Amino acid sequence: MNADKVLDAKGLACPMPIVKTRKAIKEIEAGQILEVQTTDKGAKSDLTAWAKSTGHELLDSNEENDVFTFWIKKG
Amino acid sequence: MSERKTTNIILFSGDYDKAMAAYIIANGAAAYDHDVTIFHTFWGLNALRKEEMVPVKKGFMEKMFGGMMPRGADKLGLSNMNFMGMGPKMIKGVMKKHNAMPLPDLIDMAREQEINLVACTMTMDLLGLHKDELLEEIEYAGVAAYLADAENGNVNLFI
């Protein structure tokens, strides 16, 4: 998936992936896509809940070699 | 009135682990675009103390309290397994390994995210803490200010 911005949050622990994701999403326009890479095991639940509650759309996610990648469309 | 949701946390405890939990939730709530306030009272005030000794005029009891209480976030003990101060050293090592943010960094992050840090003035008097001994640019308030925030709040926690 083509992302407009990529956030590398690998190695960061709670709450930093969410804090950084929020910062990154502020820097893109509505409709653009942010790719977030993280190694935090709670990230899947966290980012799903966060996107829902803050009005963004989690388009897709995948896990590969312990790295979780998420694509979030700014609402 | 803003349409934003609010999170209000009372930090009563002066334990490193409990303060960490409070600040992690606060930073997370700020990332949820909540207006966040941490109201520090009693032992929680010690998280806002400056690390250095600040010369202020104090009575005997105030001096005793001031000397016995931890000076600043990094000096707080653990609520469990403190082991006379060895516990915090051990957990800080483990935190480093897992890339968890130490409490002083969480407080810096909270300020960066414009979380309101409030010191309860009544308990400051009880513990003999003066404004000069606490971090700069925090707010000072009492129970009414907390209730005004909390009555319309979405998340309210007492830690």
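User: What does it take for two residues to be in contact?

Analyst: Two residues are in contact if their C-beta atoms, placed from the backbone, lie within 7 Å. In chain A, residues 24 or more positions apart account for 61% of the contacts with a separation of 6 or more. This is a predicted model, in which local features need pLDDT (the predictor's confidence in each residue, from 0 to 100) of at least 70, side-chain atom pairs count only at pLDDT 80 or more, and totals for chains, interfaces and linings use all residues. Residues are numbered from 1 along each chain as its sequence is written, while chains are lettered from A and ligands numbered from 1 in the order in which they are written.

User: Which elements make up the secondary structure of chain A, and where is confidence lowest?

Analyst: Helices (H or I, at least four residues) and strands (E, at least two) are DSSP runs, numbered from the N terminus. Chain A has two helices and four strands, which follow one another from the N terminus as β-α-β-α-β-β. The mean pLDDT of chain A is 94, with 100% of its residues at 70 or more; confidence is lowest in helix H2 (residues 43-54) of chain A, at a mean of 92, and highest in strand E2 (residues 33-38) of chain A, at 97.

User: What radius of gyration does chain A have, against that of a compact globule?

Analyst: The radius of gyration is taken over C-alpha atoms, and the globule rule is 2.2 Å times the number of residues to the power 0.38. For 75 residues a compact globule would have a radius of gyration near 11 Å, and chain A, at 11 Å, agrees with this. Along the principal axes, the C-alpha atoms of chain A fill a box of roughly 30 × 25 × 20 Å.

User: Is Phe70(A) buried or exposed?

Analyst: A residue is buried if 20 or more other C-beta atoms lie within 10 Å of its own, exposed if 12 or fewer, and partly exposed in between, with C-beta atoms placed from the backbone. Phe70(A), which lies in strand E4 (residues 67-73) of chain A, is buried because 25 other C-beta atoms are within 10 Å. Leaving aside neighbours within four places in sequence, Phe70(A) is in contact with Val36(A), Leu47(A), Leu58(A) and Ser61(A). The C-alpha atoms of Phe70(A) and Gln37(A), 33 residues apart along the chain, are separated by 6.6 Å. Of the 75 residues of chain A, 29% count as buried.

User: How many residues does each chain bring to the contact between chain A and chain B?

Analyst: Chain B brings eleven residues and chain A twelve. On the side of chain B, the largest share, four residues, comes from helix H1 (residues 16-31) of chain B.
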